[in-house]
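Biologist: I am new to this structure. Please walk me through it, one question at a time.

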Amino acid sequence: MTSSRTGIVIVANRGPNDFVWQDGAWVTRTATGGLVSMLTPLARRSNVGWFCCVSEPPDATLARSGLFTTAADQTDPRLHVLPVPLPADTYHAYYGQISNEVLWMLQHRMIGAGGFEYLDSARHQAWGRYLEANARLAAAVVRSGRQPMAFLVQDYHLYPLPGLLRGAFPETPILHFTHIPFPDPPVLRLIPDSWRQTILRGMLGADVVGLQTRMDVRNFLSCCAEFLDVHIDADSGSVLMADGRRSFVRDYPASVEPRSLRRIMHTAEVSAAHARLAADRGEAMTIIRVDRLDPSKNQQVGFLAFSRLLEMRPDLCGRVRFLAFMVPSRTDLSVYRAYRDTVYRTIDDTNARFGEACGGPPIRVFYTNDREQALAAMERCRVLLVNSLQDGMNLVAKEWAVVAETPGVLIVSETAGVSADAAECALLISPLDVEGTARAMADALDMPPAEQRERHARFLGRVLRWSARDWINAQLADLGVENV
Ligand code: F6P
């Protein structure tokens, strides 16, 4: 009965904190990423529970009980985290081999060498583990006895989950949100039909399918029309299934929380980071990038473009530096390690080629996960480069809009979700175009301050009109949930 339901249940691969098995005990660390930053404020409410996955250490029996006895998060007692342990090999197959090596690559259109190449028998076995992980999560949710007002299921790791929850909770509103781009039918056709069916039918177990952009919505509806026996109601943006159920498909562009970002900018950590960065900045103008080291972020083309900039504009040598804040990511996967090596080779080549003319290496790398340091760099940068091959949204661009102190210039790929909001504000580039990116860097460095300020103010206005709070409230409203 509706009246006995309370609170919200979030289900995501990652929790607000990561659980790491260290020296025989679970250690928690604040997790990073847009998903976590956008959902944590909601999760602090007392009646919100957050199920996430944890990879068990090999000697799991003791560890598992340890994890359950400390199920409430150990670093922030206001969070109600419910970690679901998965055997380490299941976790690796579900998270690494399917979610990241297949779905992430496919959905960011990295198809072929350096991305998603083919599905062999090992990959088919891994798909079985992906389904198993989703089934274990569904079982853990059922076992918990929670009867929430709604489920918020997150991302590509959990496509089958809404369908599984629908079976166990026929009346409870469910929303599935995909944080990364959704592919069009020709791309989704690259995986086996049974996988496509599982993905689309699983998502349609939700009452509302949430995606980042209108293009993602169009792609999802086209995939349903192409691959499923359903009726698409274009007027209402919904999918009507043979059993009479209807799922609405909506875009909810991800965003940032300006107030909390501004609070961070006044912390001692940010001041300390400014002091540390002073030597790296020197008197030079800075071009920066802040992203996980990931082939979809396209660091390689960004550094090639910077090298081309120094070649075509020798007058900039010594006057501009590239500070690259790259967060280590998914380093257990060979495709990520190979990409890291390629990127570092380009950095070394550029520094060797231009180091003398520039009076020192023109590219400085910060290969670490230090949010305050990255925000400090954004606050005073001349150019922020976001040249992702594809990006669901890209919250770094929106963070920059909020924290930039001396307005600089945003360069952003047309293929990043944020490019719609950044139109007429940022310099838009094609992510494969080294020459065009180099020219955009030159244009940004040459841009008169008044124009920089005007473009920045317009973008900031758009970011302030739609924050992370709006993102979550719109979803809850569409589920008919009020007063969480
Ligand atoms: O973009 C989707 C997303 O889940 C983000 O929320 C997050 O920034 C990123 O991927 C992190 O990926 P992972 O959880 O694999 O480190």
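Modeller: First, a term: helices (H or I, at least four residues) and strands (E, at least two) are DSSP runs, numbered from the N terminus. This is a predicted model, where local features need pLDDT of at least 70, side-chain atom pairs count only at pLDDT 80 or more, and totals for chains, interfaces and linings use all residues. Residues are numbered from 1 along each chain as its sequence is written, and side-chain values use heavy atoms, with hydrogens and water left out.

Biologist: Where is Arg330 found?
Modeller: Arg330 has a positive phi of about 50°, although it is not a glycine. Strand S13 (320-327) and helix H12 (334-358) flank it. Arg330 is found in the loop between S13 and H12.

Biologist: Is Arg330 buried or exposed?
Modeller: Buried means under 20% relative accessible area, exposed over 50%, and partly exposed in between (1.4 Å probe, protein chains only). Arg330 has a relative accessible area of 14%, so it is buried.

Biologist: Which residues surround the ligand?
Modeller: A residue is near a molecule or strand if one of its heavy atoms lies within 4 Å of it. Arg330 is one of the residues around the ligand. The full set is Arg14, Gly33, Gly34, Leu35, Tyr95, Trp104, Asp155, His179, Ile180, Arg292 and Arg330.

Biologist: How far is an oxygen atom of the ligand from an N or O atom in the side chain of Asp155?
Modeller: A polar contact is a pair of N or O atoms within 3.5 Å; within protein, one must be able to donate a hydrogen and the other to accept it, and residues adjacent in sequence count only if both atoms are side-chain atoms. The side chain of Arg14 has an N or O atom 2.5 Å from a ligand oxygen. For Tyr95 the distance is also 2.5 Å. For Asp155 it is 3.1 Å.

Biologist: What does Asn298 have in its backbone, although it is not a glycine?
Modeller: Asn298 lies in the loop between strand S12 (285-292) and helix H11 (299-312). At 4% relative accessibility, it counts as buried. Asn298 has a positive phi of about 70°.

Biologist: Which domains give residues to the lining of the second largest pocket?
Modeller: On a 1 Å grid over the protein atoms alone, a pocket is an open set of points where a 1.4 Å probe fits, with protein on both sides within 12 Å along at least five of seven lines; lining residues have an atom within 4 Å of a point. Domain bounds come from an automatic or database domain assignment. The second largest pocket lies between two domains, because both give residues to its lining. They are domain 1 (8-255 + 468-478) and domain 2 (258-465).

Biologist: Which element gives the most to that lining?
Modeller: The second largest pocket is lined by 29 residues, with Thr213, Arg214, Met215, Ala416 and Gly417 nearest its centre. Helix H3 (88-107), helix H8 (214-227) and helix H15 (419-422) each give two or more residues to the lining. The most, four residues, come from H8.

Biologist: How far apart in space are Leu395 and Gly33?
Modeller: Leu395 is found in helix H14 (residues 395-403). With a relative accessible area of 15%, it is buried. Leu395 and Gly33 are 362 residues apart in sequence. In space, C-alpha to C-alpha, they are 9.0 Å apart.
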